[in-house]
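Let's take a walk through a protein model together. Have a look at the chain first, and then we'll go through it place by place.

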Amino acid sequence: MVPTIFAPATAPGRGGVAIVRVSGPLAGTALTALTARPLPAPRMAAFVRMTVPESGEFLDQGLVLWFPAPHSFTGEDVAEFHVHGGRAVISGVIDALASLPGLRIAEPGEFSRRGFENGKFDLTAAEAIADLVDADTAAQRRQALRQMEGELGRLYDGWRHRLTRALAHLEADIDFPDEDLPEGVGVMVRPELETMAGEIASHLNDNRRGERLRDGIHIAILGAPNAGKSSLLNVLARREAAIVSERAGTTRDVVEVHLDLGGFPVVLADTAGLREAADEIESEGIRRALDRAANADLKLAVFDATALPELDAQTIAVVDDQTLVVLNKVDSASGGMIQQIVGQQTMPVSARTGEGLADLLQALTDAVRTRFEAPGVPALTRARHRGALEECAASLQRAMTADLPELAAEDVRLASRALGRITGRVDVEDLLDVIFRDFCIGK
Ligand SMILES: Nc1nc2c(ncn2[C@@H]2O[C@H](COP(=O)(O)OP(=O)(O)OP(=O)(O)O)[C@@H](O)[C@H]2O)c(=O)[nH]1
Ligand SMILES: [K+]
Ligand SMILES: [Mg+2]
């Protein structure tokens, strides 16, 4: 018999209400054992007294719910105990459940894994549940919800379905070579494979929009020593995250803060000032700064307005069309302003007085939104999917150049399997441990 599992479904710690969930063939037995009454009507809350089965000790009073299979999250019988969210109450319920024969505590992700194995949702939707629980910002929530509702699963299954039809045509050609199939299959199947290869390529080539949204969009602050990079980071983060001083070369390590910019998750990084390093430590700091510059999704190049008309050459070198150019310290600048640097509009600000900061925040938010807002097409969200899609694309390329229909058919089959692994339609047993291990207990 499948073991019956249980775990708190709510976060550890104190709370108004905590939910303990039980799933498996003995869920109903557990529910009657702790409530000393018959099962409530399916999916209807019942207000009950909960007691320890052996001793009858009073545990709590609260709500219970009964979801008979298959109409539950896991597809199995499920019982839920909604109790007061105190540690002693939760551990009392957990201990009472553990004392029942045939029940054990769930492993991380085990509820979701059972839901997947019982066909309640595909792997992309299971992953989306994890993303939804981890979502910190509105854009992350929107992306996770769309994926949970099957947006990605449908896209990948749709491609797989079309590959299956192409394969059927190829196999017909192999099995009945003498029949008068119109002009041979190469002609029939090839355009379809080409169309699909194009669609997959453009899905792969989306600037990692979906993956960035899951992990955070990286913005690096760059500039000469004392340009005011750390001061700017602190005002944008609204806390003293980085040390500020009048000494050039203060920042060495990269200092990161996490921001929610108009619903988008951003990792803003302060870096060491760019110049000829005075020592090994500073030189390593500058190496890290340039590394951030190379890998950032967006850059903030900070120039010192009090140094105008002088412009720092090393900062100019990092400016490109993914860069917002900031002229800091306008409160103390006496010389004229400068409108453009390397073709980019400059933004006058003062980290000290706050002047221009609202405009800077707005410009940053707009830049993030234009690059990462979903334009209606589903975005690739995980390296796991990317790997499988690249494999699929490579197999398709081989299929299109194969000399014999037998070879083309084999490559189309491989392409289809690669897609099937994303949604979990084929041989994923070896993958499941890896995927569900990242879930927390109770999910
Ligand atoms: N007047 C004025 N001074 C500023 C402004 N922003 C920063 N400063 C001053 O400039 C000096 C350097 O500021 P930091 O934020 O440490 O500069 P930084 O670019 O991080 O410097 P390094 O980490 O050394 O590369 C400090 O004395 C700040 O108080 C500003 O908007 N106006
Ligand atoms: K400094
Ligand atoms: Mg600094």
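In which strand is the place of Arg-21? Arg-21 sits in strand β2, which covers residues 15-23. Keep in mind that you're looking at a predicted model.

**Around the annotated binding site**

Why pick Arg-21 to begin with? The UniProt record, an unreviewed entry, has a "binding site" annotation that covers Arg-21, Glu-80, Lys-120 and Lys-443. Arg-21 counts as buried because 24 C-beta neighbours lie inside 10 Å, and 20 or more is what it takes. Leaving out residues up to four places away in sequence, Arg-21 touches Phe-6, Ala-7, Ala-9, Val-78, Glu-80, Phe-111 and Gly-442.

Notice Glu-80 in that list of contacts. Glu-80 is part of strand β5, residues 78-85. On the same terms, not counting residues up to four places away, Glu-80 touches Ile-19, Arg-21, Val-64 and Leu-65.

Now for Ser-72, which is in the loop between β4 (58-67) and β5. Setting aside neighbours within four places in sequence, Ser-72 is in contact with Phe-67 and Val-78. Now look across to Arg-369: Ser-72 and Arg-369 are 297 residues apart along the chain, and their C-alpha atoms are separated by 37 Å.

Here are some buried residues with their neighbour counts.

| Residue | C-beta neighbours inside 10 Å | Buried or exposed |
|---|---|---|
| Arg-21 | 24 neighbours | buried |
| Glu-80 | 21 neighbours | buried |
| Ser-72 | 25 neighbours | buried |
| Leu-360 | 21 neighbours | buried |

**The annotated domain and the nonpolar cores**

UniProt, again in an unreviewed entry, lists residues 216-369 as "domain: TrmE-type G". Over residues 216-369 the chain is 27% helix and 27% strand, with the end C-alpha atoms 13 Å apart.

Which residues have the most contacts inside the largest nonpolar core? They are Ile-221, Leu-222, Val-302 and Val-326, in a core of 43 residues. Elements giving two or more residues to this core include β7 (217-223), α9, β10 (298-304) and α12 (357-372). The most comes from β7, with five residues. As for Val-302, its contacts beyond four places in sequence include Ile-221, Leu-222, Leu-232 and Val-326. There's another core apart from this one, with 36 residues, among them Ala-128, Tyr-156, Leu-163 and Phe-436.

Leu-360 belongs to helix α12. Not counting residues up to four places away, Leu-360 touches Val-326, Met-347 and Val-349. Leu-360 and Leu-261 are 99 residues apart in sequence but 12 Å apart in space, C-alpha to C-alpha.

**Around ligand 1**

What comes nearest to ligand 1? Of the 24 residues around it, Gly-228, Ser-230, Ser-231, Thr-251 and Gly-273 come nearest. Helix α9 (residues 229-237) gives the largest share of that shell, three residues. By type, the shell divides into six nonpolar, 13 polar and five charged residues.

**A helix to finish on**

Helix α4 runs over residues 123-134, so that's 12 residues, and reaches 17 Å from its first C-alpha to its last, close to the 16 Å expected at 1.5 Å a residue. Its buried residues are Leu-123, Thr-124, Ala-125, Ala-126, Glu-127, Ala-128, Ile-129 and Asp-131. One of them, Ala-128, also appeared in the core of 36 residues.

Technical notes: Residues numbered from 1 in each chain as written. Chains lettered and ligands numbered in written order. Predicted model: local features only at pLDDT ≥ 70, side-chain atom pairs only at ≥ 80, totals over all residues. UniProt positions renumbered as here; feature names shortened; annotations may be inferred. Helix = DSSP H or I, 4+ residues; strand = E, 2+ residues; numbered from the N terminus. Buried ≥ 20, exposed ≤ 12 C-beta atoms within 10 Å, placed from the backbone. Contact = placed C-beta atoms within 7 Å. Near = placed C-beta within 6 Å. Nonpolar A, V, L, I, M, F, W, Y, C, P; charged D, E, K, R; others polar. Core = buried A, V, L, I, M, F, W, Y, C linked by C-beta atoms within 7 Å.
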